[in-house]
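Hi everyone, thanks for having me. Let's get the structure up on the screen and take a walk around its ligand.

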Amino acid sequence: MNDILPDEAELWERFDDAVRDWLRAYGYRPIRMPIVEPTPLFARAIGEVTDIVEKEMYSFVDALNGEALTLRPEGTASCVRAVLQHSLLHGGPQRLWYAGPMFRHERPQKGRYRQFHQFGVEAFGYAGPDIDAEQIAMCARLWDELALSGIQLEINTLGSAEERLRHRAELIAYLENNRGALDADAQRRLQSNPLRILDSKNPRMQEVIEGAPKLMDFLGEASQEHFGGVQALLKEACIPYRINPRLVRGLDYYNLTVFEWVTDKLGAQGTVCAGGRYDGLIEQLGGKATQACGFAMGVERLVALMKEEHGAVTGQAAQSAPDIYVVHQGELALPSAFRTAEALRGAGYDVLFHCGGGSFKSQMKRADMSGAQIAVIIGDDEATEGSATLKYMREDAPQKRIPQDQLADVIGNYLIGDDNDGDL
Ligand code: HAM
């Protein structure tokens with residue numbers, strides 16, 4: 001679990017701003033869910049035999065009422081719970097987004113943390129492949145807007161529950177016949193979650209995995225048509241993709257389309273965004289059968305990629321510079337400068353007021369480091385006279401004393417360029 005320090009946090013804010021604009025442009029509306037939910041919600045939604053539910057959840061018993069609670073490991077289950085609890089689907093289809101911390105007790109490494117952050121998107125009540133393709137296309141646009149290159153799209157289809165069941169029976173039979181080649185984890189999962197075995201990275205099992213029956217060969221017409229529809233729209237939008245038949249996802253709620261956006265610039269944890277369709281989940285959690293499709297992206301990984309591709313801006317330079325730095329010295333000057341700073345903020349300027357005293361020289365150094373365009377200097381003389389001295393920080397021009405009540409206008413003219421020859 002990490003502290004996000006100011007240089008980094010400012011990059012996060014730039015990322016957040018871009019993402020919020022982008023979500024709005026695609027018609028998604030915000031929803032905010034609690035960070036803690038009843039434990040059974042995640043067990044039911046994500047699946048009992050998944051890494052997340054079996055070993056990664058921060059679960060605890062509420063000491064006051066004995067309720068089993070869990071810090072959310074992802075947002076989809078909470079979002080569906082909220083949508084059902086507040087009957088949002090009565091208002092027709094919904095496009096929703098959420099953001100915030102998620103918690104998984106994984107082995108930490110670069111790009112994999114125990115508290116991490118996601119932006120997640122869920123669309124409810126859309127049956128066709130168009131929403132799947134639109135969600136994928138919107139990701140592609142975000143990478144473009146963030147000038148991130150080299151994020152590859154992998155897609156797959158998991159078919160319907162019945163198709164997976166038929167495939168599963170054949171897969172179990174095949175794996176039983178090759179039991180000797182399976183590692184302990186795979187043997188344990190053989191009956192409970194054989195599909196996940198196909199996702200194993202164990203090099204000794206790759207040969208057996210290669211030869212396993214493929215879900216793709218069990219798909220009926222409707223599933224094939226849906227997958228074909230997604231691909232046709234991706235081609236329409238000129239979005240390159242690779243079909244990865246081994247893409248099965250680590251959460252059990254998916255059906256039909258699943259996708260991941262992957263980069264090789266971040267080492268082992270290269271999946272920056274992932275999701276897919278989960279048409280059965282709403283009914284499974286007690287709602288009326290409703291189609292659903294969504295994805296979530298990992299903020300830490302995308303911010304790391306932004307740094308990797310564009311370099312990090314650090315220190316004061318990373319901070320957006322104020323318009324004005326207010327420098328003051330003297331007993332009379334303090335209240336006068338304080339009032340002036342507030343008045344300038346009221347006029348719409350970003351103002352850094354010097355706190356902590358010090359000589360004019362050291363204060364001017366601070367003013368310079370802040371990146372401000374203008375220093376407003378108030379000493380006891382100016383305070384007595386009701387004036388201030390203006391100094392241009394970014395050009396060689398004489399400083400000038402002017403009445404305090406004219407400051408906002410004069411600075412305004414200068415900053416919008418009407419009077420930037422230094423002659424105030
Ligand atoms: P997920 O694949 O578990 O899916 O997570 C989505 C993304 O969150 C990953 O691709 C990764 O970028 C980031 N992420 C996951 N775990 C960590 C971690 N420990 N540290 C850093 N980043 C991480 C879901 O969570 C689904 N709820 C997505 C979804 C929404 N499907 C449908 N709707």
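When I call a residue near a molecule, I mean that one of its heavy atoms lies within 4 Å of it. Quick housekeeping: this is a predicted model, where local features need pLDDT of at least 70 and side-chain atom pairs count only at pLDDT 80 or more, while totals for chains, interfaces and linings use all residues. Numbering runs from 1 along each chain as its sequence is written, and side-chain values use heavy atoms, with hydrogens and water left out.

So, which residues are the closest to the ligand? They are Glu-74, Thr-76, Glu-106, Glu-122 and Tyr-254, out of 25 that surround the ligand. Those 25 split into 11 nonpolar, 7 polar and 7 charged; in this scheme Ala, Val, Leu, Ile, Met, Phe, Trp, Tyr, Cys and Pro are nonpolar, Asp, Glu, Lys and Arg are charged, and the others, Gly among them, are polar.

Now the polar contacts, meaning pairs of N or O atoms within 3.5 Å. The side chain of Glu-106 puts an N or O atom 2.7 Å from a ligand nitrogen. Tyr-254 has a polar side-chain atom 2.6 Å from a nitrogen of the ligand. With Gly-298, a backbone N or O atom sits 3.3 Å from a ligand oxygen.

How much of the ligand does the protein cover? The answer is 96% of the 650 Å² of accessible area that the ligand has on its own, by the Shrake-Rupley method with a 1.4 Å probe.

Finally, strand S10 gives the most to the shell, with 5 residues; strands here are DSSP runs of E, at least two residues, numbered from the N terminus.

Definitions and conventions
A polar contact is a pair of N or O atoms within 3.5 Å; within protein, one must be able to donate a hydrogen and the other to accept it, and residues adjacent in sequence count only if both atoms are side-chain atoms. Helices (H or I, at least four residues) and strands (E, at least two) are DSSP runs, numbered from the N terminus.
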